[in-house]
Amino acid sequence: MNTELRSIGDKIAVRRAAANTAVTAGGAGDNTLVTGVILDRTTVGHALSAVLAIPFTATLAQGATLTISGVVQEGDAANLSDAVTLQTIAPTVVATGPTGGGTVTGTFEVNVPLMAAGRYVRANFTPDLSAGATDTAALSAVLVFGGADRLPV
């Protein structure tokens, strides 16, 4: 079979990268590091690249923002005790409250080159709401692996 005719699902692997996270402005989860799940690249065919996708829903006051920053780490120890930074994610405003305030949804995406990465990777991120109170957000994270030298299992 011509491999170019395969579905996209045959060429990528999607893995849960972090637990669902609830954030309240000035309270629980706000400006707090979310430590991601350690993922083994051997289970995704030694992928050479990935996209970190962080879907979010935020209820924001007019002009208030949700900012996401983070880091992708890599290493060869299963518990990432040897973790080093593979990629830094600069603070990025991903949502701004509309006129009169309201709910904003979206997905923040970051390309992650994995050619120099060790066997294990982890994405950590920090959601930060600009308002002092009442604004909320719900976030999660997945890593979409691609460019593998073999198909994911």
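Arg119 is partly exposed, with a relative accessible area of 38%, and this residue makes a convenient way into the structure, which is a predicted model. Its partner is Asp40: the two form a salt bridge in which the closest N and O atoms are 2.8 Å apart. The pair links distant parts of the chain, since Arg119 sits in the loop between strand S6 (102–113) and S7 whereas Asp40 belongs to strand S2, with their positions 79 residues apart. Asp40, at 18% relative accessibility, counts as buried because the limit for that class is under 20%. Side chains of opposite charge can pair when their charged atoms come close. A search of the whole structure finds one salt bridge.

Asp40 also leads into the first of the sheets to be described here. Its bridge partner in S7 is Tyr120, and the two strands concerned, S2 and strand S7 (residues 120–129), pair in the antiparallel sense over two bridges. They belong to an open sheet of four strands, arranged in the order S2-S7-S4-S5 with antiparallel pairing. At its edges lie strand S2 (39–40) and strand S5 (84–96), each of which pairs on one side only. Strands of a sheet pair through backbone hydrogen bonds, either parallel or antiparallel.

Within this sheet, S4 is joined antiparallel to S7 by ten bridges, and Gly70 has Phe125 of S7 as its bridge partner. S4 is likewise antiparallel to S5, to which nine bridges join it, and there Val72 stands opposite Gln87. S4 is mostly covered, with ten of its eleven residues buried.

Two buried residues of this sheet show what surrounds its strands. Asn124 is placed in strand S7 and counts as buried, at 5% relative accessibility. A polar atom of the Asn124 side chain lies 2.8 Å from the backbone nitrogen of Gly36, and the side chain of Asn124 also makes a polar contact, at 3.1 Å, with the side chain of Gln73. Apart from residues up to four places away in sequence, Asn124 touches Leu33, Val34, Thr35, Gly36, Ser69, Gly70, Val71 and Gln73.

Ile89, for its part, lies in strand S5 and is buried as well, with a relative accessibility of 5%. When neighbours within four places in sequence are left aside, the residues in contact with Ile89 are Leu52, Ser69, Gly70, Val71, Val72, Phe108 and Val110. Ile89 and Asp40 are 49 residues apart along the chain, and their C-alpha atoms are separated by 21 Å.

A further open sheet of four strands has the order S1-S8-S3-S6, again with antiparallel pairing. Its edge strands are strand S1 (13–24) and S6, and each pairs on one side only. Neighbouring strands of this sheet are turned by 15° against each other on average, direction ignored. Twelve bridges join strand S3 (residues 49–60) to S6, the two running antiparallel, and in this pairing Ile54 stands opposite Phe108 of S6. Phe108 is also among the residues in contact with Ile89.

Val112 likewise has its place in strand S6, where it is buried with a relative accessible area of 2%. Beyond its neighbours within four places in sequence, Val112 is in contact with Ser49, Ala50, Leu52, Val72, Leu86 and Gln87. From C-alpha to C-alpha, Val112 and Thr85 are 12 Å apart in space, and they are 27 residues apart in sequence.

Contacts such as these can be set beside the largest nonpolar core, which has 37 residues, those with the most contacts inside it being Leu52, Leu139 and Phe145. The elements that give two or more residues to this core are S1, S3, strand S4 (65–75), S5, S6, S7 and strand S8 (136–146), and S3 gives the most, with six residues. Leu52 has already appeared in the contacts of Ile89 and in those of Val112. Phe145, with neighbours within four places in sequence set aside, is in contact with Lys11, Ile12, Ala13, Arg15, Leu39, Val44, Ala47, Ser49, Ala50, Leu114 and Val121.

Note on methods:
Residues are numbered from 1 along each chain as its sequence is written. This is a predicted model: local features need pLDDT of at least 70, side-chain atom pairs count only at pLDDT 80 or more; totals for chains, interfaces and linings use all residues. Side-chain values use heavy atoms; hydrogens and water are left out. Two strands pair if DSSP finds at least two bridges between them. A salt bridge is a side-chain nitrogen of Lys or Arg within 4 Å of a carboxyl oxygen of Asp or Glu. Buried means under 20% relative accessible area, exposed over 50%, partly exposed in between (1.4 Å probe, protein chains only). Contact means heavy atoms within 4.5 Å. Axes are lines fitted to C-alpha atoms, for helices over the stretch in contact, and angles run from 0 to 180 degrees between N-to-C directions. A polar contact is a pair of N or O atoms within 3.5 Å; within protein, one must be able to donate a hydrogen and the other to accept it, and residues adjacent in sequence count only if both atoms are side-chain atoms. A nonpolar core is a set of buried Ala, Val, Leu, Ile, Met, Phe, Trp, Tyr and Cys residues joined through side-chain atoms within 4.5 Å.
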